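This briefing goes through one protein model, topic by topic. Please keep the picture open while reading.

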Amino acid sequence: MSEFPPSYQLVVDVWRLATGSASLDECIDRVAAQLERVVRADALILWRLSRDGTQLESVAAAAVRPGPRPALVKRSTSARASEELRELLLHGSPRLIVPDGATDALRNFAPDGAWRAVAVAPLADDDGAMGFVTLISRNTGVLGASQLSLLGELGAPLATALRLEDERESEHRLREALEADRRALLQRLDRDDVSDSIVGADSGLRETMLRVEQVAPTDAPVLLLGETGSGKEVIARAIHARSRRARGPIVRVNCGAIPLG
């Protein structure tokens, strides 16, 4: 009976974290905690490359060993570097970058300050290429062939985590747009003339509506008294619709929800 390679369970765990975490930051933190047991790197960083290849942005980062979280950065790349990065993204395999052998394009993955090695692998899933994942080391002899192989295996689940984060952001933007449409609709309703909706405006409430017509054009404050459900807000909307502020919003405040102190 054959045994699974040591990295098998780790890859399975990363898949679970990629699909089960509430956010990309949470996922990367938990993945970094898993890597601490098997890799002596200092940091784990996910990068996104813009469609035209001119912007390389770190979108999530976590410390693998105890230490501060790496700062997120956005870097502009030259035309030559952009071409190299796109080629690495589409057709590259995991690579080890060291200071003496790094090209201008690959140096974009290096953190500010002292570093000795960066392992980088493309991020891609069934929907296409997205960016890169890197392991950063500030010591020599820490990253090698086995770490590059592991990083390559983690590319698919981490690309999925990045894709899921994009979907969450799209849903958030959609909810914001729907909420903005809702508020705009309410403002339009607030600006509508509501006199026709007042039952009894031409009969029992005729005197009240005459007072509404008198006070609405002025800047005088108006106090409406009455039990809950007696129609105070309806009258307030009628005054607002006839005032000089009719084109602006009407703001409803629940005074009962305001704390006393």
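The points below cover the overall layout, the paired strands, two helices, the largest pocket and two single residues.

This is a predicted model, in which local features need pLDDT of at least 70 and side-chain atom pairs count only at pLDDT 80 or more, while totals for chains, interfaces and linings use all residues. Residues are numbered from 1 along each chain as its sequence is written, and side-chain values use heavy atoms, with hydrogens and water left out.

**Overall layout**

- The protein chain holds 6 helices and 6 strands; helices (H or I, at least four residues) and strands (E, at least two) are DSSP runs, numbered from the N terminus.
- Read from the N terminus, the order of elements is α-α-β-β-β-α-β-β-β-α-α-α.
- Of the 261 residues in the protein chain, 37% are buried. Buried means under 20% relative accessible area, exposed over 50%, and partly exposed in between, with a 1.4 Å probe and protein chains only.

**Strands 1, 2 and 3**

- Strand 1 (residues 43–49) pairs with strand 2 (residues 55–63) in the antiparallel sense, over 7 bridges. Two strands pair if DSSP finds at least two bridges between them.
- One bridge between these strands links L49 to its partner L56 in strand 2.
- The hairpin of strand 1 and strand 2 has 5 residues between the strands, and G53 there takes a positive phi near 80 degrees.
- Strand 2 also pairs with strand 3 (residues 74–76), antiparallel, over 3 bridges. Here L56 has R75 as its bridge partner in strand 3.

**Strands 4, 5 and 6**

- Strand 4 (residues 95–97) runs antiparallel to strand 5, and 3 bridges join them. L96 stands opposite A119 in strand 5.
- Strand 5 (residues 117–125) and strand 6 are antiparallel and are joined by 9 bridges. L123 has G131 in strand 6 as its bridge partner.
- A hairpin of 2 residues leads from strand 5 to strand 6.
- Strand 6 pairs with strand 1 as well, in the antiparallel sense and over 6 bridges. In that pairing, L44 is matched with L135 of strand 6.
- Both strands are mostly covered: 8 of the 9 residues of strand 5 are buried, and so are 8 of the 10 residues of strand 6 (residues 128–137).

**A residue in strand 6**

- F132 lies in strand 6. Is F132 buried or exposed? F132 counts as buried because its relative accessibility is 0%.
- F132 and L158 are 26 residues apart along the chain, and their C-alpha atoms are separated by 9.3 Å.

**Helix 2**

- Helix 2 (residues 24–35) has 12 residues, which at 1.5 Å a residue should span 16 Å, and its end C-alpha atoms are 16 Å apart, so the two values agree. The expected span is 1.5 Å times one less than the number of residues.
- Its buried residues are L24, C27, I28, V31, A32 and L35. They cover an arc of only 130 degrees around the axis, so they sit on the same side of helix 2. The arc is that of the directions from the helix axis to the C-beta atoms.
- An α-helix has 3.6 residues a turn, so residues three or four places apart point the same way.

**Helix 6 and the largest pocket**

- The largest pocket holds about 650 Å³ of space. A pocket is an open set of points on a 1 Å grid over the protein atoms alone, where a 1.4 Å probe fits, with protein on both sides within 12 Å along at least five of seven lines; lining residues have an atom within 4 Å of a point. The volume is the space filled by probe spheres set on the points, which are joined across faces, edges and corners.
- It is lined by 21 residues, of which V222, L224, A236, I250 and V251 are the closest to its centre.
- Which element gives the most to the lining of the largest pocket? Helix 6 does, with 5 residues.
- R242 is found in helix 6 (residues 232–242). A polar contact of 2.7 Å joins its side chain to that of E213. A polar contact is a pair of N or O atoms within 3.5 Å; within protein, one must be able to donate a hydrogen and the other to accept it, and residues adjacent in sequence count only if both atoms are side-chain atoms.
- A polar atom of the R242 side chain also lies 3.0 Å from the backbone oxygen of A238.
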